[in-house]
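Subject: The structure I promised you

Hello,

Here is the structure we talked about, with my notes underneath. Have a look at it first, then read on.

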Amino acid sequence: MQATFYLTVAAERGYNDWGTDCVTRYRGKFRSLVTLLDSVLTTRANYQSSQLQIHKNTNPRNPPKSSSLVFGHTFTDHMISIPWTTLSGWGTPTIIPYGPLSLDPSCTVLHYAQTVFEGMKAYRDEHNKVTMFRPDMNMKRMNRSAARVSLPTFNGDEMLEVIKTLVKLDSHWIPQEPGHSLYIRPTMIGTQRALGVAPPNEALFFVICSPVGPYYKNGFKPVRLLATANFIRAAPGGTGGYKLGANYAPGVVPQVLAAKEG
């Protein structure tokens with residue numbers, strides 16, 4: 001099967017990592033969208049981790065007891081914030097005190113679900129050394145997800161250095177107990193103030209961290225599953241292979257119905 005893909009790249013959008021400002025034509029045998037994105041995606045950025053600015057929380061808190069942790073309900077003292085615009089590209093990476101975001105009610109993320117995220121963990125090993133499991137793969141997947149919904153891509157290596165600095169700054173929040181960790185949530189959202197489906201001209205990359213215990217507090221147990229043909233998560237050509245916020249909300253109803261079935 002032959003297919004022609006047109007990858008239109010506008011320089012004014014700031015997508016330097018997608019190529020030039022001309023139309024690039026790809027011809028050849030049909031390949032999946034995942035493979036296509038991998039072939040054209042590069043991860044350059046106009047910032048360096050050395051530009052990182054740190055504004056420490058002047059009112060730090062004491063981490064709670066590990067026994068009281070509920071997954072995803074407790075957050076550390078700091079977060080990462082990096083803005084992006086089509087005019088200036090990626091802004092200065094900054095670590096700031098954890099706190100609310102200020103968003104206009106018309107932001108594209110609120111209306112068209114232009115958001116991607118990742119889930120990573122930092123652990124303490126038997127020597128009390130903090131380690132992360134294949135974080136470079138998380139950055140690669142996040143770039144693929146961002147490209148799929150017209151959000152800007154970034155330099156994964158540089159972003160990891162910024163994230164490592166955040167983890168080091170809040171390392172005292174990493175629980176000591178076996179099976180516990182610091183859950184790291186990199187997120188990107190479209191923040192353009194406008195109604196209308198289009199690539200946003202503004203975006204925000206932020207990272208928050210949460211100390212967590214085992215997902216199953218009482219240990220792993222067999223899980224009962226309900227198979228149904230009434231709902232679908234992924235289909236050829238769709239977005240099931242990307243970590244998008246829009247993929248998760250539709251799964252809540254099937255989950256609730258399955259719980260009612262026991």
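Two strands pair if DSSP finds at least two bridges between them. With that in mind, K121 has Y183 in strand 10 as its bridge partner. Strand 8 and strand 10 run antiparallel to each other, paired over 3 bridges. Please bear in mind that this is a predicted model.

First, the overall picture. The chain holds 5 helices and 11 strands. Of its 262 residues, 38% are buried. The accessible surface is about 15,500 Å², and carbon and sulfur atoms account for 55% of that. If you count contacts between residues at least 6 apart in sequence, 69% of them link residues at least 24 apart.

Now back to strand 10, where I spent much of my time. How many of its residues are buried? The count is 9 of 10, so the rest of the structure largely encloses this strand. Besides strand 8, strand 10 pairs with strand 7 (residues 115-117), again in the antiparallel sense and over 3 bridges. There, F117 is matched with T187 of strand 10. Strand 11 also pairs with strand 10, antiparallel and over 10 bridges. One of the matched pairs is I189 with L204, the latter in strand 11.

S181 belongs to strand 10, which covers residues 181-190. Is S181 buried or exposed? Its relative accessible area is 1%, and buried means under 20%, so S181 counts as buried. Leaving out residues up to four places away in sequence, S181 touches K121, A122, Y123, P175, S210, P211 and V212. V130 is 51 residues from S181 in sequence, and their C-alpha atoms are 9.6 Å apart.

Next, the nonpolar cores. The largest has 32 residues, and the ones with the most contacts inside it are I80, V116, F154, I163, I184, M188 and F205. At least two residues each come from strand 4, strand 8 (120-124), helix 3 (135-148), helix 4 (156-169), strand 10 and strand 11 (202-212). Which element gives the largest share of this core? That is helix 4, with 6 residues. Another core lies apart from it and has 7 residues, including M79, V109, I189 and I208. As background, nonpolar side chains in soluble globular proteins tend to be buried together.

Helix 4 deserves a closer look. It has 14 residues and spans 20 Å from its first C-alpha to its last, close to the 20 Å expected at 1.5 Å a residue. Its buried residues include G156, M159, L160, I163, L166 and V167. An α-helix has 3.6 residues a turn, so residues three or four places apart point the same way. At the N-terminal end of helix 4, N155 acts as the cap, with a side-chain oxygen 3.0 Å from the backbone nitrogen of D157.

Finally, a loop residue. N57 sits in the loop between strand 3 (53-54) and strand 4 (78-85). N57 has a relative accessibility of 18%; the cut-off for buried is under 20%, so N57 falls on the buried side. A polar atom of the N57 side chain lies 2.8 Å from the backbone nitrogen of N59. Beyond its neighbours within four places in sequence, N57 contacts D77, H78 and P97.

Happy to go through any of this with you over coffee.

Best wishes

Methods: Residues numbered from 1 in each chain as written. Predicted model: local features only at pLDDT ≥ 70, side-chain atom pairs only at ≥ 80, totals over all residues. Heavy atoms only, no water. Helix = DSSP H or I, 4+ residues; strand = E, 2+ residues; numbered from the N terminus. Buried < 20%, exposed > 50% of the residue type's maximum accessible area, 1.4 Å probe, protein only. Contact = heavy atoms within 4.5 Å. Polar contact = N/O pair within 3.5 Å; in protein donor to acceptor, adjacent residues only side chain to side chain. Core = buried A, V, L, I, M, F, W, Y, C linked by side-chain atoms within 4.5 Å. Areas by Shrake-Rupley, 256 points an atom, 1.4 Å probe, with all protein chains shown as cover. Expected span 1.5 Å × (residues − 1).
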